[in-house]
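Colleague: Hi! I'm new to this one, could you walk me through it?
Modeller: Happy to. Let me put it up on the screen.
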Amino acid sequence: MKWTRWIVRHPWWTLLILTLATFVLMSRMGNLRVETDIGAALPKDLPVKRLYDMVGEKFPSKDVIFIALEARDRVFTPDVVQITDQFTDRLARVQGVYDVISPTNVSVIQGTEEGIEVVPALQADPRDPQVLETLKQRLLASDFVGNLVSKDEKAFGLLVLLKKTAVNKKVAAEILSLTDSLRSATSLQVYATGRPVLEYLLAKGLGRDVHVFFTLVILVVIAILALSFRSFRGVLLPFTVVIVSVLWTFGFMAWVGIPFSHSTEFLPVLLISIGIADGIHILHMYYHLRKRFTDKKELVLETMRQLNLPVIMTSLTTAVAFLALGFAGFTSLKQLGISVAFGVLVAMVFSLVFIPAMLAILPLPKRAIQETQLRWLHKALAGFGRQLILHKGLVTVIMGVVVLFFVLGIPKIKVENFTIENFPKNHEARRAYELISAHFSGPEVVTAVIRGRGPGALKEPALLKEMDAFKSHLLKDPAVGNVTGLQDLIKRMNQVLHGGDPQEYRIPDSIVVVEGQPIPGREVVAQYLALYQLSSRPGQLERMVTPDYDMARMDIFIKDGRRTTIKRIDTYAKEFIRQDFQHAEEVDLTGAPEILLTVNDMVVSGQTRSIFLSLFLVFLLVVIAFRSVSAGFYGIIPLTFALLVNFGLMGYLGIYASLENMVTSNIAIGVGVDYMIHFIHRFRRFYKATQGNVLEATVQTMDTSGVAILLNALAVAIGFATIMASMFRAVSQMGFLISVAMISTCVAALTFLPVLLSILKPKFLSR
Amino acid sequence: MQGMIWLLGFLIGASPDSVAQQIMWRVYNRPSFQDMHAQITMTLIDPNGTQRVRKMETWSKKDPKTGETKMLIKFMEPADLRGTAFLIYQHKDREDDMWFYLPALRKTKRLAASGKSGAFMGSDFSNYDIGGGEYEDWNYRLLREEDLDGIPCWVIEALPKSPDVEKKSGYSKEIRWVNKENDLVVRTDHYDRSEMLYKRTVVKDAVQIQGIWFERVIEATDLDSGHRTVMEFTDIRVNQGLPDDLFSIRALGR
């Protein structure tokens, strides 16, 4: 309280100090990094991520963009072929592109009468019917169907391999602009997909979302403030608090090096929705007490005397609940948690310092809050409170049924993730993904990394045969479209060097008998590789095997990126790896889908951990605040109810447990506990005042705190509902869940809590 | 005929570009050996210093009438490639003829390939770097004159004359440093098809043999990955009258 006195006495000094501090903190805001790599959300020591980075180090290319060119009729026309060839060329010139594999430039290995040829599929002008026919035969003859040409011959597929040094986002942007101009310049339908494209479109959409959210939440907050206080200061002061807390938090992030990322971009909406509560409470009290004071400084002092403690208390619990996100196991969530906690505390400080300073400067408001304004609401809640207590037995039963209902929904929750389903149905990203999934080998790539026993190991026929068997094994799964790797090349070379005999489309044996002489198969393979390397386009071999031949990669093309699909293939692949890879040192799976799979698995354990931790921390704070252990339980039991509702809803509505939704529980706990604290605090006062009359205490609490809690919850719920405007399903669902959580914690505070308190009458109430 | 063209260019006048054309014409038409034998050691060096060595023996011979070259390359190292051989007849006006011999299969076959931009045996040299270039492929422009490691040089920009050249070479541009004293290209910066500098070849050592300058040690560096290849010629023997028979297809497997 000393500080409030100082503030009220020296309001101008206070403002000066705050302004200076704001400038200091914002001075480094230019350093705020923007992080768009979703992989950065992951802990650095995650094995699947390390392996993924290693693939980027050992092989020249890591990520792939798929492009499909769909013709009205057939693709084998001079026009379409020529356009494809020119487009291939154009793509190859994009900065960051390692190579383009297209139906016109793909290396075709064939036997000829005198020997072999390794040539691009299209060798001359496609307007020559002979050339066109040759191209068609080459493409349809081999395993290019389903990879570079669709089965119905209506579409060509192109694979754009990105350099490991490429900035994926930039390459994706440029390629999308190229596909756009090709689409408008020709009669072809042009599609592009693949992880880099999806991530780019997602980032672009989220970037737009953030602007929308920010604008909407500001409008909502201004509207709520204007409606509640109908005064300029009533809008300006709480609004300044939240805006400054956002700015300070950005400044803080710049100082400590937290980037602006997919997680932290929700920060402004979170902070504004949560941080506004303190200001509302203070101004509410200020107007409420207005009538009793003629001196403005006395009015401010009395307002703050009543609210300093609750504001500190509720802010601390919120901050602590967010800090618990740090234990969820995701770097970006940890950063979000720390930043929101910081922002909430800044909002607290500004509410306790800036608002009283301003109020000490501004003249006394002319009017007080009209007590009659929301009279109906006060009456309704008081009446509701009365009925609750009168029928507490029935209410308990109903609550039990409700809880049971939602608990039964929880097992229905799917831990699922399917990036593409987040896009709206008609979004180009979704159509591209679906077309490429239907007509080609698939838009998702899981990479198997095969480590041999030392340099040269990948020339051993025994290991190559295992890789070939691995491919056959994987292809049995209907979602696996294709598997590429060194083994196919060796088989093809073996065939063409044996006069094209289909029987010879195989890996050479470990000992090959030539003219009666036993020759190690390894030498045969080595010479095939040398021959291929001399005659093919650059980088073809390097893409599949390291120069030392100690490590190879097999790319598994998968038709859908649904978590359950990837999980199934992962399990199926690992079964083979465990039992049948006898000649490899180690075989591991990685790639974006595998990383997402790991993320999803972590979501479950991380979420559980962070929920329990934040419940526990909030419990501790409530225990300290009320100096009573049982008060702690009364604080968190209603919260638990709200969480059960949330998870039950997810189960019933088919909302996947995803990274985005992890934040929901922490928000529910951090914000919801405020309602419990307010309610218990007020209830105890009335309980003591009425000598333990629970009915009277409930009615009085409902009439005062109950209304405030309900309005507060509605305001925050509407604030978070702005997130539902997102075009992405997962984000929109997150907005929905948070809004519901606000309502359900509020309902828990206004029903669960009074019934519990009146039935059990805990001792701390009368202390 | 080509001398005439050169003379004509000289007479018409010395715009900087025609100066560049003349310089590069001299570079491509430096006197050369009638035939040559050498051992080539190619050392491939990873960014982290790991080295792999490839050794081969080469013979080449120029047809004095057509100016076309025949070349035989036999691998000695690594051991599993020992005896693998390639025979190449370079042609000025059509695709080169190529044959190979794989000792493991005891087979000699003809190879039709058009991958000149391909990396030569996993090195940082492309097949184009090693022997695919033609004077006529490029347009030249003199950028400046400067000293490179104390050697006075012309700095010349070479741009592909046609999209085909860009495709077959894999380069959208080259900057070449030509030693003014002996017309040797001592350094080339290669730009990839997205016009980014990505490779540099540098002549580390040149020797004069029978009055003719020859690049004995060349290093190519992939500037993206830091991977390097050093190609060194040893046991160089020239103009010793290599028999035509050495370059016959039958002789490949011997």
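Colleague: What distance separates the centres of domain 1 and domain 4 of chain A?
Modeller: Taken over C-alpha atoms, those two centres are 61 Å apart. Keep in mind that this is a predicted model.
Colleague: Thanks! And which stretches of chain A belong to which domain?
Modeller: The assignment gives 1–31 + 231–373 as domain 1 and 62–200 as domain 2. Domain 3 is 374–412 + 593–767, and domain 4 is 438–592.
Colleague: New topic, holes. How many cavities of 30 Å³ or more are there?
Modeller: There are 8 of them, and the largest has a volume of about 150 Å³. Its lining has 16 residues, and among those closest to the centre are A:Tyr52, A:Lys62 and A:Val445.
Colleague: Which element gives the most to that lining?
Modeller: That's β1(A), with 4 residues. Domain 2 and domain 4 of chain A each supply at least three residues to the lining of the largest cavity.
Colleague: What kinds of residues line the largest cavity, by class?
Modeller: You'll find 8 nonpolar, 3 polar and 5 charged ones.
Colleague: And how much space is in the second largest cavity?
Modeller: About 90 Å³. Of its 13 lining residues, the closest to the centre include A:Ile274, A:Thr314 and A:Asp674. The largest share of that lining, 5 residues, comes from α9(A).
Colleague: Where does the second largest cavity lie relative to the domains?
Modeller: Domain 1 and domain 3 of chain A both give residues to its lining, so the second largest cavity lies between them.
Colleague: What's the class split there?
Modeller: The lining of the second largest cavity has 4 nonpolar, 7 polar and 2 charged residues.

Terms used:
Residues are numbered from 1 along each chain as its sequence is written. Chains are lettered from A and ligands numbered from 1 in the order in which they are written. This is a predicted model: local features need pLDDT of at least 70, side-chain atom pairs count only at pLDDT 80 or more; totals for chains, interfaces and linings use all residues. Side-chain values use heavy atoms; hydrogens and water are left out. Domain bounds come from an automatic or database domain assignment. On a 1 Å grid over the protein atoms alone, a cavity is a set of points where a 1.4 Å probe fits but cannot get out, and a pocket is an open set with protein on both sides within 12 Å along at least five of seven lines; lining residues have an atom within 4 Å of a point. Grid points are joined across faces, edges and corners, and a volume is the space filled by probe spheres set on the points. Helices (H or I, at least four residues) and strands (E, at least two) are DSSP runs, numbered from the N terminus. Ala, Val, Leu, Ile, Met, Phe, Trp, Tyr, Cys and Pro count as nonpolar, Asp, Glu, Lys and Arg as charged, and the others, Gly among them, as polar.
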